[in-house]
Each structure stands twice: as structure tokens, then as C-alpha cells.
Amino acid sequence: MHAGPSDLVDLLECEHRSYLARAGRDGDSRELREAAARTAADLRAGADLIENATFFDGVFHCTAQTLVRTPSGYEPCDEVPEATPLAVLSLTAAAQALGSERAHLIVDGRRTSFRAADFTPLLNRLKARLAQPPPAPKRSWGDVRAACNGCRFARHCAAGREEARDLSLVAGLRADQRRKLVSVGIDTIDALAATEERPATLSHASFAALTAQARLQVQQERTGVTTYEVVAPEALQHLPEPAEDDVFLEVEGDTFRTPGWEGTFPEFVDRTPTGTVYHFTPHDLVARAARTATRESEVDELVRRCVDLGALTRRALRVSTREYTLQALKPLLRDENPTRGVRDLLQRIKREHGVETAVKEERDEAALEKAAERARRMAALTEPLMAEGHTLFAATVGYHRRESSPAWGDFFRQASAPISDLETDSNCAVPITLKAEDWVPPSGRVRTHKRQVHARIDPERPHPFGKDEQVRLLYPGNVTRNAVVADDNPYELVLTESTSQEHGELPVAVLPGSPVPAAPKDEAVAELAEQAVHLLPLLPRNPGIDLLLRTPPGQLPQHPDVVQAVIKAVDQLDGGTLAVQGPPGAGKTYLATKLVRHLIDQGKTVAVTSTSHKAVENVLSSVDPDIPMAKRPKGKPEEDLPWDQPKDNGALARWREEHPQGHLVGGTAWTFANAVIKAQPFDVMIIDEAGQFALADAVAVATAARNLVLLGDPQQLPQVVQGVHPPGSDASALGHLLGDADVIPEHLGYFLAETRRMHPAVCKPVSELSYAGLLHSHETACHRGIEGIEPGIYLREVDHRHNITSSTEEADAVVDTVRRIVGRTWTDNGRTRELTDADVLVVAPYNLQVRVIRRRLADAGFDETRVGTVDRFQGQEAPAVIMSMTSSSTVDLPRGLDFLLSRNRLNVALSRAQALAVMICSPRLLDADVRGVEQMRLVAGMLGLLEQVKKFPV
């Protein structure tokens with residue numbers, strides 16, 4: 001039986017669909033053989049273009065719309081509506097058949113090229129699995145998954161789940177909740193409706209809601225009548241009173257509809273009157289505006305008048321239907337327009353329960369005018385820039401507002417969201433159990449009552465909070481109170497609550513605290529844009545603008561010592577930007593200290609900034625202590641630091657006046673975007689960790705400097721982005737310069753191509769994974785190793801199932817691996833010593849697994865082993881590194897496949913190793929429901945890495 005790319009996609013997205021699709025298929029391949037023969041003849045003839053190419057090896061076939069002849073051979077090219085897994089796998093297969101390194105996709109007239117090697121490992125794995133199909137599944141239907149949407153077998157599987165009375169029939173039941181219920185013998189909707197036994201890992205609120213939902217649905221099945229229960233009538237206080245100018249919105253793709261009208265998104269924004277806009281399904285209007293950088297201010301105002309009837313229904317009611325959709329709710333509605341019908345239904349319930357409409361806070365006229373003035377100013381800046389083709393510059397102007405918008409939207413949404421929504425919100429935590437200690441009354445200078453709240457957390461849904469973080473406690477009635485995290489144990493949050501008056505309530509959820517304001521960074525970018533608009537079509541001389549335009553810094557000096565080459569290049573900068581990409585162990589910090597010393601000796605003023613106070617202080621700590629240095633403290637000044645600590649920006653500016661010669665100032669982007677600091681620009685600003693530093697932040701701090709030097713590596717921990725932005729404006733400063741490349745283009749800066757940390761056997765797989773094979777080991781790294789174990793990256797497979805954020809099986813394997821390493825002789829360039837457990841570094845993706853591993857190691861007597869997530873270990877190294885992947889498979893992950901298999905995170909973890917890295921994982925780890933091209937790239941990268949590893953133990 002022959003197979004093609006569509007069979008690979010079936011296998012990629014759902015193994016059950018793959019079996020159903022191939023069962024009983026006709027095996028005739030005559031036409032495929034004839035088409036492949038014609039293509040082979042065209043290739044031999046050497047035509048410049050070959051159309052409708054076909055390749056067939058007797059088992060697998062693929063096609064390409066066009067083969068383009070290049071100096072290195074033929075390359076496949078397809079024009080498609082969008083880049084889908086099918087399109088990419090088809091081209092990768094064609095490239096493999098041709099022996100081509102590259103393939104090309106044309107989408108909306110734009111040609112995108114990709115390395116076939118980025119996807120070949122996945123292609124080979126899928127073809128191998130097709131060649132050895134598993135036995136027929138035990139049941140004819142599959143579990144609910146993302147791939148069900150649009151699947152040609154969706155009805156077949158739905159009928160199977162219906163007949164089996166599967167738990168997936170319960171509205172709102174998540175896959176992780178289903179697994180917990182099945183583990184205690186509750187595997188049907190009927191069993192759930194009848195049970196009163198709560199699984200210990202399921203919260204009281206979730207269990208009560210699920211059992212009640214199941215009972216309602218079973219009742220409807222018996223009676224045929226759709227019913228509902230009112231569970232939170234107070235939620236309806238946020239439902240406005242009906243008005244003549246109310247708008248009822250439905251969206252299908254890019255088409256917006258209201259009764260009697262349909263049009264595009266911009267047309268809808270332009271014509272919508274001042275009334276309330278009701279919708280039932282989420283339509284992220286802010287994201288739509290952000291992606292195109294159009295009508296953003298108008299949409300901000302419009303969103304304030306939107307009411308999400310779907311969320312309000314789920315919060316206020318429990319309905320006897322399997323889905324909370326407009327179609328399912330129709331039996332309860334009295335209007336031809338279902339959106340209006342839901343509004344009217346909720347209004348009736350609101351009146352029946354005597355719920356008063358919440359008094360809407362009057363918006364301050366001065367604040368409204370200020371917002372309108374800000375919108376006019378933004379338009380006056382962005383429209384001229386876009387008219388001149390500077391779309392990225394224009395997008396940067398609005399970056400900080402867009403980036404903070406989701407956080408502020410979530411800040412208000414989370415306080416009134418259903419608990420079921422908060423349970424799936426990775427930024428929140430819904431405890432399984434709660435316990436509060438006694439209140440401590442005010443005393444001395446403390447004027448508030450304080451108590452500690454202990455919140456036990458579901459280990460499969462880890463909380464995101466860290467020690468000393470400001471959070472909000474959510475109480476019934478949408479009341480929030482401030483608290484501070486006293487202990488961030490993965491199993492339990494300990495929270496210190498402060499209030500003006502004691503109360504006896506317990507919170508129902510833990511929410512993030514207030515977002516950090518973007519000012520003055522946004523203002524700094526706007527001021528630069530104003531300067532640009534006044535000069536258009538020209539642009540002012542500024543290193544931030546050079547960065548946006550990817551302007552080369554001139555002819556770059558070459559020198560056998562790359563440090564000397566960089567120093568010479570910085571000396572010749574004249575209002576420009578130089579980039580230096582420093583992979584792990586390549587000497588980025590060493591370069592920074594030498595560069596700072598050189599600049600200070602030349603009498604230059606130098607600034608250093610980064611993504612956090614800690615990162616800035618790491619640079620200050622590494623330079624010569626005799627250099628005049630200053631940095632504002634994050635909180636209270638610390639003792640015994642080698643730099644001065646002015647209390648505010650004014651004091652920092654005065655410190656600079658008192659040190660007119662060469663000096664070094666450290667600070668975050670907020671410091672250098674401040675008008676007081678910008679008034680006297682620095683000769684050189686160094687942005688450390690520029691691979692995580694937002695491009696817009698770099699433009700903001702560039703207003704305080706004559707020249708920029710970017711140090712970092714976008715291939716390590718990535719920049720965190722919360723908002724939705726126009727293409728390109730969400731990049732990091734250094735990532736913007738790299739574009740789609742793995743290393744910095746030669747005309748824009750330097751790539752530190754030698755690592756003094758990793759042995760060549762460790763370096764090579766890391767280099768192939770993240771640096772296009774261009775990173776190699778310095779000679780000194782070649783002469784180190786562990787007695788009895790060849791240097792390199794090893795794989796240790798541990799069989800386990802249903803683990804998500806913790807695995808005792810892998811923790812035990814970590815202990816055994818440490819035991820096999822400790823006591824061996826470590827050789828480092830002729831020096832030898834015995835390895836201890838302090839020479840081993842253990843990395844895990846989740847805080848809960850970190851905790852489990854620490855306990856297991858402590859029980860085994862290995863108290864000195866460093867254990868943590870990759871975020872903790874960037875910049876550190878050890879003779880041996882152990883990496884626990886933790887999850888049994890990449891299905892139902894709380895932070896997604898993109899997090900667990902991130903190339904950046906794999907790079908950081910493995911590149912800590914000087915001689916030995918051991919990856920511990922489940923053999924089913926990559927049995928994933930892959931959705932989208934980027935997830936394919938991640939899985940392929942992991943597979944490519946695994947192709948180069950050895951088996952452990954040796």
C-alpha cells in the first residue's frame with residue numbers, strides 16, 4: 001500500500017485518524033509510477049523549470065508544483081494559501097527526493113525559504129512509523145483532541161463516544177479532569193452523574209460543577225427538554241440594561257455581521273455606533289487591530305462597550321447541553337437572532353432574581369480627553385512613518401501600549417471570570433484546598449491586619465508565582481485583596497494577606513498583581529518618532545533607528561583575537577549599532593569586561609542595561625572594581641557593593657556630573673528612557689542579554705546613547721512577549737538583526753564561534769540544533785572528560801505514563817545517574833580530581849519536578865547537586881548535566897509543546913555541560929498531537945538531536 005504526505009499529517013495529528021484513513025485503501029500505484037517517470041525524464045533533460053513534479057519510491061509518493069533549477073541543483077517550490085504541515089511536509093519530502101538543501105513556499109505572493117534539514121528528522125520518523133503500523137486500536141473511536149476540528153472522521157468518533165457514554169460528553173470537562181476521574185473508576189457520564197466520591201486531586205469546586213453538569217445532561221437525555229440552573233445570579237449585575245443602539249455581533253473568519261449588515265473588521269469599527277456590543281464567542285478585536293497597527297485607539301474604546309455573552313452565560317448558568325454554543329442554546333431562546341436571544345434570556349433571569357445593574361463607573365472627562373489626545377498624537381506619528389514605508393518604526397511606537405494591554409485586560413477579566421476559566425489560565429492558580437492562620441493585629445509601624453493563607457495547588461496545573469511576588473486573592477462576589485507570596489512551594493502557596501479589617505472568608509483563586517507601567521519607555525520611543533516625522537523623508541541619526549533599519553555599522557575590522565576585533569569596531573562606531581552574538585561558553589562576559597575597561601580608559605561614558613536588575617548587576621560585578629560605577633538600587637541599598645547607589649534619577653544625574661571622565665552606569669530600560677538621564681547621552685550603551693531585550697526597549701534606551709552595542713544570543717532563553725504586534729515588532733533587539741538565521745549575518749556584527757565550555761562531543765549536537773553547525777569547541781575544551789564515560793550527549797529512556805509536571809520515575813533515574821557519576825575522576829587539561837555531587841547540575845522544565853528531584857537526591861545523600869529550571873542556570877556550567885524531560889508525552893501539557901521542546905530551552909540546558917549531558921525522558925515523549933508548522937519544527941529539532949545521542953547507562 002502506498003502513502004503520501006497527507007498520511008503523514010494524519011499520523012502527526014491523530015494516530016487513530018491515520019488508521020481509519022488507511023484501512024481498506026486501494027493499493028494501485030500505476031499512475032504514480034508513470035508520473036514519477038515523466039518527472040525523472042524532465043530532470044535528466046535539465047529544464048530550468050519543471051511543473052507538477054511527482055516522486056515515488058514504490059511506497060511513498062510526493063509532489064511539487066514547480067522545480068526550480070539553481071547552481072546547486074533543483075529546489076521544490078509550491079504556492080499555497082497558507083503554510084500548513086501538509087504543505088511543508090510535501091516540500092520537505094520533495095527536497096529529500098531531489099537531495100536539495102532548501103525548499104520554498106509562496107504565500108500571498110511572498111516567497112519563504114526553509115532548510116529541508118529543519119523538518120527531515122520528523123519526515124523520516126513519520127515514514128518509518130507508516131512502514132510499521134501498530135495493531136488495530138481496541139475501539140473504533142478516538143479521544144477528543146484539537147485535530148477533531150475539521151477531521152473527516154469526527155462524526156464517526158463522536159458516535160463512538162456517544163455509544164460508550166464517554167466522559168468527554170460532559171460539557172466543559174478537560175482532558176486532565178477526565179484522566180483523574182477515570183483513575184478512580186468514573187469513566188462514563190452516567191457514573192459521574194451518580195457519584196459523590198471526589199478524586200483527591202480534583203478541587204471541590206470543579207468536582208461539584210462537573211457532577212452537576214453531568215446530572216443536568218443525563219436529565220435532558222431522559223426528558224428531551226433543555227433546562228438550566230442559575231448558579232451565580234450576581235454575575236448578571238454586569239449585564240447592561242437594553243438600549244435601542246445595542247449591537248449584536250457575529251464573526252465568521254474575516255466577515256463581521258450585525259442584523260441587516262456585513263462587512264470587514266475596519267468597516268465594522270468605523271460604523272459601530274455608541275451602544276453596547278454583544279457577542280457570544282470571543283473575537284479578539286484588540287489583536288486584530290494590533291496585527292495591522294490600524295484603528296487601535298478606536299478598538300480600545302470599542303472593547304470597553306463589549307459584553308461577552310458566552311462567558312457571562314457560563315458564569316451565571318449551568319445548562320443541560322453538551323456544548324455552550326448558540327446552536328445548543330436555541331431551545332431556550334425566543335428571538336430569531338440567537339445573540340439577541342441570549343441577551344434577552346439573561347435579562348429575564350436577572351429580573352427574576354432581583355439583580356440590580358452595577359453602577360458603571362463614570363469615566364473622568366479629563367481622562368477621556370487625555371486618551372483622545374494620546375490617540376491623535378499616535379496617529380500623527382505612525383501615519384506619516386507608514387506612508388514613507390517605515391512600518392516597523394511605526395509599529396514600535398505603539399509597542400508598549402499593545403504589550404501592556406493584555407495584562408491590564410486580564411487584570412480586570414480575571415476578577416470576574418468563571419472558576420473553570422481560571423483553572424485553565426496558566427497565569428492564575430485555583431487551590432484544591434485552603435487553610436488560613438489567625439490574624440495578626442497591627443502593631444508598631446504596621447497599620448494593617450495580616451494573616452497567612454496556605455493554598456494547596458493541583459500538581460498537574462503548576463502555579464506561576466514566585467517568592468515575594470505581589471498577587472491578588474479572589475473572594476466570592478468578585479472581591480480581590482492584595483497579598484504577597486511568602487513561599488512558592490510547587491505543592492503549596494503560602495500567601496501573606498494584608499487588610500484594613502479582619503474577615504473570616506477564604507479565597508477561591510490567586511490572581512496576578514497589577515501590571516508594571518511601561519512609562520517612560522513608550523514616551524522615549526514617541527519622542528524619537530516625533531524627531532523622525534519632522535525630518536521625513538529623511539531620518540535622524542540615532543543608533544536605535546539604525547537598529548530598526550538593520551543598517552550595517554560599516555566595514556568591520558578583522559583580527560585573530562575576536563575581542564580585539566570587537567573593540568576596534570566599537571571605536572569606529574559613529575552613531576550606529578554593533579551586534580555580538582555569544583553562544584554558551586564563548587566568552588561574552590569576558591568580552592564585555594574588556595570592552596568596558598577599554599572605553600573607560602579612553603575617557604568614554606558607558607551605560608549597561610539588560611532585562612533585569614540582576615543581569616545588570618552581574619555585568620557591574622564582572623568589571624574592574626576601580627572603575628567609577630553607579631546604579632540605582634532596586635529596593636533598599638545593599639552594603640559592600642563596588643558601585644555607588646544614588647537613590648533616584650536626579651541623584652544619578654548629579655553623580656554623573658561629579659564624574660565627568662570615563663564612568664559606567666547600570667540600569668534597566670526604565671532608567672535610561674527617563675528624561676533626566678537622556679539629557680546627557682552616553683558615548684556607548686551596552687545592552688546585555690540582547691536576545692531577550694525587546695526591540696522597542698532597545699529603541700527607547702537608544703535615545704540616551706550615541707552608539708549601541710548588543711551582546712547576547714537569541715538562541716538561548718527567548719524574549720517574553722505578552723501582546724499581539726504587527727510582524728517584526730515583537731522581536732528582541734538581537735533577534736531582529738538575525739531574522740530567520742541562526743547566527744548573526746557577517747555584515748551586522750560578530751559571531752563568537754568558539755566555546756571554551758563544551759567538549760566537541762557535546763558542542764556538535766548543540767551547534768547543529770541552534771547554530772547551523774558553526775559553533776565549535778576551543779582547543780582547551782577538548783582535553784576534559786569523566787573517567788569511564790566518553791564525552792557527549794546521552795539518552796536514558798524511562799518508561800512511565802500519564803505524568804505531566806512531575807515524574808518520580810525520572811527522579812529516581814536522576815538519582816541513579818548521579819550515583820554513577822560521583823566518585824569518578826574528572827580530568828580538565830591535565831588537572832584531575834574526584835567528582836562530587838556538586839559537580840552535577842540537574843535541569844527540569846517544571847518547578848514541581850525540581851522539588852521531586854531535590855527530595856529524591858537529598859534522601860540519597862546528594863545535597864550539593866544543583867537542581868532547577870533553565871531560567872536559573874543561564875550562565876552556569878558543570879562537568880555533568882542531567883536533564884529530566886518529565887512529561888510522559890507532549891499531550892495535554894499545561895504550558896504546551898512549544899515550551900517543553902523549545903530549542904532555546906534545550907540549548908540552554910545541554911550547553912551547561914562541559915563533558916557529559918544525559919537526557920532522561922519517556923520513550924513516548926514525542927507521541928504528540930502536533931498542530932502547526934512551528935510545532936513540527938520543534939519536534940523535528942528534538943528528533944534530530946536524539947539521532948546524535950548515545951544510550952545511557954554505558
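Two strands count as paired if DSSP finds at least two bridges between them. The strands themselves (E, at least two residues) and the helices (H or I, at least four) are DSSP runs, numbered from the N terminus. Keep those two ideas handy and let's start with a hairpin: strands β17 and β18, with 4 residues between them.

What you're looking at is a predicted model, in which local features need pLDDT of at least 70 and side-chain atom pairs count only at pLDDT 80 or more, while totals for chains, interfaces and linings use all residues. Residues are numbered from 1 along each chain as its sequence is written, and side-chain values use heavy atoms, with hydrogens and water left out.

Back to the hairpin. β17 (residues 479-487) runs antiparallel to β18, and 4 bridges join the two. One pair to find is Asp487 with its bridge partner Val494 in β18. β18 (residues 492-499) also pairs with β15 (residues 449-456), again antiparallel, through 8 bridges. Here His449 has Thr499 of β18 as its bridge partner. Strands of a sheet pair through backbone hydrogen bonds, either parallel or antiparallel.

There's another hairpin further along the chain, made by β31 and β32 with 2 residues between them. β31 (residues 825-828) and β32 (residues 831-834) run antiparallel and are joined by 4 bridges. Thr827 stands opposite Thr832 in β32. Look in the turn for Asn829, which has a positive phi of about 50°.

Now zoom out. The protein has 36 helices and 37 strands. Its C-alpha trace spans about 85 × 80 × 65 Å along the principal axes. Is that what a compact globule would give? The radius of gyration, taken over C-alpha atoms, can be set against a globule rule of 2.2 Å times the number of residues to the power 0.38. For 954 residues a compact globule would come out near 30 Å, and the protein has 30 Å, so the two agree.How much of the chain is tucked away? Buried residues (under 20% relative accessible area, with exposed meaning over 50% and partly exposed in between, using a 1.4 Å probe and protein chains only) make up 52% of the 954 residues. The accessible surface, found by the Shrake-Rupley method with a 1.4 Å probe, comes to about 43,700 Å², and 48% of it belongs to carbon and sulfur atoms. As for contacts (heavy atoms within 4.5 Å), take those between residues at least 6 apart in sequence: 69% of them join residues at least 24 apart.

Next, follow a helix near the start of the numbering. Helix α5 has 12 residues (120-131), and at 1.5 Å a residue it should span 16 Å, which agrees with end C-alpha atoms that are 16 Å apart. The expected span is 1.5 Å times one less than the number of residues. Which residues of α5 are buried? They are Thr120, Pro121, Leu122, Leu123, Leu126 and Leu130. Their cover includes α1 (5-13), α2 (15-22), α4 (85-98) and α36 (933-946). An α-helix has 3.6 residues a turn, so residues three or four places apart point the same way.

Then there's a parallel sheet to trace. Its 6 strands form an open sheet in the order β34-β33-β35-β36-β30-β37. The edge strands, β34 (866-868) and β37 (950-951), each pair on one side only. Inside the sheet, β35 (residues 878-884) and β36 (residues 913-921) pair in the parallel sense over 6 bridges, and Met883 has Met919 of β36 as its bridge partner. Helix α35 (residues 903-910) packs on this sheet, touching β30, β33, β35 and β36, and its direction makes about 145° with that of β35. Helix α31 (residues 808-821) lies across β30 (792-797), β33 (840-843), β35 and β36, running at about 150° to β36. Those angles run from 0 to 180 degrees between N-to-C directions, with axes as lines fitted to C-alpha atoms, for helices over the stretch in contact.

Between α35 and β36 is a loop that holds Arg912. Is Arg912 buried or exposed? Arg912 is buried, with a relative accessible area of 1%. Leaving aside neighbours within four places in sequence, its contacts include Pro584, Gln716, Arg757, Phe873 and Gln874. Arg912 and Gln874 are 38 residues apart in sequence, yet 7.9 Å apart in space, C-alpha to C-alpha.

Finally, try two more buried residues. Arg174 is in the loop between α6 (154-164) and α7 (175-183), and its relative accessible area is 16%. Not counting residues up to four places away in sequence, Arg174 touches Ser420, Glu423, Thr424 and Arg461. Ser206 is in helix α9 (residues 204-223) and has a relative accessible area of 5%. Setting aside neighbours within four places in sequence, Ser206 is in contact with Gln177 and Glu423.
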